[in-house]
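Here is a short tour for anyone meeting this structure for the first time. Have a look at it first, and then we'll walk through a few spots together.

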Amino acid sequence: MRNTPFRVALAADTLSIAVMELIDNGVLALWPGAMDAHLTDGMFWGVLAFALFAAFVITTPVNKWMIGRGKGHAVVHQYHH
């Protein structure tokens with residue numbers, strides 16, 4: 001079956017995005033008061049920054065592992081011109 005752009009993108013990003021969202025949403029759900037914070041609250045921005053940083057730190061080894069095995073973003077390298 002031919003690799004369509006949708007299939008390539010799905011193969012390249014699904015695990016990485018799933019891990020990132022799990023960590024990001026998990027931090028926000030478990031941090032006391034984070035779910036009630038508003039855009040004008042410093043807590044909203046502080047917890048969001050921490051959650052995104054934690055997701056980045058945890059997702060980076062996942063991406064490295066996938067690329068090392070020819071999965072993830074390694075799949076799309078053949079389509080770059």
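Is serine 16 buried or exposed? Serine 16 counts as buried because its relative accessible area is 9%, and the cut-off for buried is under 20%. Keep in mind as you look around that this is a predicted model.

Serine 16 sits in helix H1, which covers residues 5-30. Leaving out residues up to four places away in sequence, serine 16 touches Thr59, Asn63 and Met66. One of those partners, threonine 59, makes a good next stop, since it is buried too, at a relative accessible area of 6%. You'll find threonine 59 in helix H2. Setting aside neighbours within four places in sequence, threonine 59 is in contact with Ser16, Val19 and Met20.

Now for helix H2 itself. It runs over residues 42-68, and its 27 residues should span 39 Å at 1.5 Å a residue. The C-alpha atoms at its two ends are 39 Å apart, so the expected span and the model agree. Still, H2 has a bend of about 25° at threonine 59, with proline 61 following within four residues. Just past the end of H2, glycine 70 has a positive phi of about 75°.

Which residues of H2 are buried? They are Val47, Ala51, Ala54, Ala55, Thr59, Val62 and Met66. It helps to remember that an α-helix has 3.6 residues a turn, so residues three or four places apart point the same way.

There's also a nonpolar patch on the surface, formed by Phe53, Phe56, Val57 and Ile58. Together these residues have about 410 Å² of accessible area. Valine 57, one of the patch members, is found in helix H2. With a relative accessible area of 41%, valine 57 is partly exposed, as its value falls between the 20% and 50% cut-offs.

Isoleucine 67 also lies in helix H2, and its relative accessibility of 40% makes it partly exposed. In sequence, isoleucine 67 is 55 residues away from alanine 12, while their C-alpha atoms are 9.2 Å apart in space.

Here are the four residues whose accessibility came up along the way:

| Residue | Relative accessible area | Class |
|---|---|---|
| Serine 16 | 9% | buried |
| Threonine 59 | 6% | buried |
| Valine 57 | 41% | partly exposed |
| Isoleucine 67 | 40% | partly exposed |

Key: Residues numbered from 1 in each chain as written. Predicted model: local features only at pLDDT ≥ 70, side-chain atom pairs only at ≥ 80, totals over all residues. Heavy atoms only, no water. Expected span 1.5 Å × (residues − 1). Bend = angle between axes of the 7 residues up to and from the residue. Buried < 20%, exposed > 50% of the residue type's maximum accessible area, 1.4 Å probe, protein only. Contact = heavy atoms within 4.5 Å. Patch = residues over 30% accessible without salt bridge, like charges linked within 9 Å, V, L, I, M, F, W, Y side chains within 5 Å. Areas by Shrake-Rupley, 256 points an atom, 1.4 Å probe, with all protein chains shown as cover. Salt bridge = Lys/Arg side-chain N within 4 Å of Asp/Glu carboxyl O.
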